[in-house]
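Trainee: Could you take me through one part of this protein up close? I'd like to follow a single spot and then see what surrounds it.

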Amino acid sequence: MMWQLYKEISGNLILTFYFAQAPQQNVKNINKHAVLDLIRFTPGGISRAGIAKVIGLSRAAVSTIVNDLIEVGIIRDAEQRTKTSGRPRMLLEINPNAGYIVGIDMGASHIRILLSNFGAETIAEKEMGFKIADGPDACITQANTLLEDILRENDLDLSMLAAIGIGVPGPIDSDAGMVIAPPIMPGWDRFPIRDTLSALWGRPVSVNNDAELGALGEWAYGAGRGARDLAYIKVGTGIGAGLLIDGRIYRGATGSAGEIGHLTMDNDGPLCTCGNRGCLEAFSGGNAIAKQAMQAVHSAKRTRLALNDLGEISAKDVAIAAQHGDLVAQQIMAQAGGHLGVAIAGLVNIFNPDIIVVGGGVAQIGDLFLEPVRREVMRRSLPAAANNVRITTAVLGKRSSSLGAVVQALSLAIYDVAEGKYVLKNESVEVA
Ligand SMILES: [Zn+2]
């Protein structure tokens, strides 16, 4: 029998229709996952009738599945929303009070943690300075302290978390739960991140690439809702891309697809962290922006950045100066944006996306950085692709990746509950 299924990617079900032979014993769970995903990710919500139509099951079959899921407490009827005419639609929703999960984004220079309920609503969040280059021992100690703090401050303990999602800035072997030869993560090569953390915390852990999580976060809750072909470009200390192609996260053969930061822009350009010369990251990454600002100050250019200690200027300082009208800082940001635009023009030519979401710390400055990107894409991509693509900043701001980690953690938790592997014990969850 041919079934219309959803494709599972690293524990996260992305709405992808394809036809395959489903093993009979899994069909029930596959249908439950499909129903849960439609409830989680359909923009504007979905009713029982809507689910039946999309999945192609009978209304009765959908009712059985929905009743099972209501029974275990994972979904509920949403408040009735009346349309201007006709009968009210009874929408379903994930029961936000079903439990707690945590998403942690370990970046090159910051760590962010979100405590959420099952409705992916943020209950609490924290961000602090962090150096992924300090290696696993120091970083895990810091992440653990942050997790203990946020739990204590909200009167929770580890046993009350259904799952934890982690993002890291390196190429992932998702089956093994580790990074392979990451350019900016010294000491982490093949370190068993997922297994170490799930042993430490005693909870299910999902580990993914941060840019990929950014794509997922923006697709689920941000600028890319409902998009089928989306690229999320994370511009922070380094630069990476998460690709959603035809509705699925695309990782490539060995998990390193989307490493746009190491696209060669100039054979003889500045040295990159990866050891090559002239990579995009060496022109437009946070470190490159800071370095250019230091050079400008050193060569006695007229800029308010000269008020900073030389050697301590960050990309954030440059962005703030640019927003305050500093011409030198604006030129540095515009050049960085221009180089990024050249690289993105190539991406647009190759992969013809609907939407490019530019996120990460550097992109928070907005149009000062994004306008040069748009200009280069319009100039260099083929019109058929360039005229169609929308280039926008991340709606979720600096939280795209941590919300992607929340999506992944929720996938682990929600499917476990639906399959009876995890029993809900929290009666109610307060959202601040
Ligand atoms: Zn490089």
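Trainee: Here's the spot I picked: does Ala 413 count as buried or exposed, and at what relative accessibility?

Mentor: Good pick. Keep in mind that we're looking at a predicted model. Ala 413 comes out at 1% relative accessibility, and the cut-off for buried is under 20%, so Ala 413 counts as buried. You'll find Ala 413 in helix H13, which covers residues 400-418.

Now look at who sits around Ala 413. Setting aside the neighbours within four places in sequence, Ala 413 is in contact with Ile 101, Phe 118, Ala 162 and Ala 163. Take Ile 101 from that group: Ile 101 and Ala 413 are 312 residues apart along the chain, yet their C-alpha atoms are separated by 7.9 Å.

Step back one place to Leu 412, which also belongs to helix H13. Leu 412 has 22% relative accessibility, so this residue counts as partly exposed. Leu 412 has a distant partner in sequence too: Val 205 is 207 residues away along the chain, with 8.2 Å between the two C-alpha atoms.

How does that fit with the whole protein? There are 432 residues, and 54% of them are buried. Among contacts with a separation of 6 or more, 60% join residues 24 or more positions apart. The secondary structure adds up to 13 helices and 17 strands.

While you have the model open, try a pair of helices. Helix H9 (residues 315-323) and helix H10 (residues 327-351) have axes that come within 7 Å and cross at roughly 120°. That crossing is left-handed. On the H9 side the contact involves Val 318, Ala 319, Ala 321 and Ala 322, and on the H10 side Ala 329, Gln 330, Ile 332 and Met 333. Sort those residues by type and you get seven nonpolar, one polar and no charged.

Next, find the zinc ion. His 262 coordinates it through ND1, while Cys 272, Cys 274 and Cys 279 each use SG, at 2.1 to 2.3 Å. The angles among the four donor atoms run from 103 to 125°, and the site is tetrahedral. For comparison, the ideal angle for four tetrahedral donors is 109.5 degrees. Along the chain, the zinc donors follow the spacing H-x9-C-x1-C-x4-C. His 262 and Cys 272 both lie in the loop between strand S15 (248-250) and helix H7 (281-284), so this pair ties together parts that are 10 residues apart in sequence. Cys 272 has 7% relative accessibility, so Cys 272 counts as buried, like Ala 413.

Finally, here are two loop residues to compare. Ala 120 is not a glycine, but has a positive phi of about 65°. Ala 120 is in the loop between strand S7 (110-117) and strand S8 (122-129). Arg 190 also has a positive phi, near 65°, and is likewise a residue other than glycine. Look for Arg 190 in the loop between strand S11 (178-179) and helix H5 (193-201). Their surroundings differ, though: Ala 120 is buried, with a relative accessible area of 12%, whereas Arg 190 is exposed, with 52%.

Conventions
Residues are numbered from 1 along each chain as its sequence is written. This is a predicted model: local features need pLDDT of at least 70, side-chain atom pairs count only at pLDDT 80 or more; totals for chains, interfaces and linings use all residues. Side-chain values use heavy atoms; hydrogens and water are left out. Axes are lines fitted to C-alpha atoms, for helices over the stretch in contact, and angles run from 0 to 180 degrees between N-to-C directions. Helices (H or I, at least four residues) and strands (E, at least two) are DSSP runs, numbered from the N terminus. A crossing is left-handed if the near helix is turned anticlockwise from the far one by less than a right angle, and right-handed if clockwise. Contact means heavy atoms within 4.5 Å. Ala, Val, Leu, Ile, Met, Phe, Trp, Tyr, Cys and Pro count as nonpolar, Asp, Glu, Lys and Arg as charged, and the others, Gly among them, as polar. Donors are N, O and S atoms within 2.8 Å of the metal (3.2 Å for Na, K and Ca); water is not among the atoms, so sites may look incomplete. Four donors count as tetrahedral if all angles lie between 85 and 135 degrees; four count as square planar and six as octahedral if opposite donors are over 155 degrees apart and all others between 65 and 115; anything else is irregular. Buried means under 20% relative accessible area, exposed over 50%, partly exposed in between (1.4 Å probe, protein chains only).
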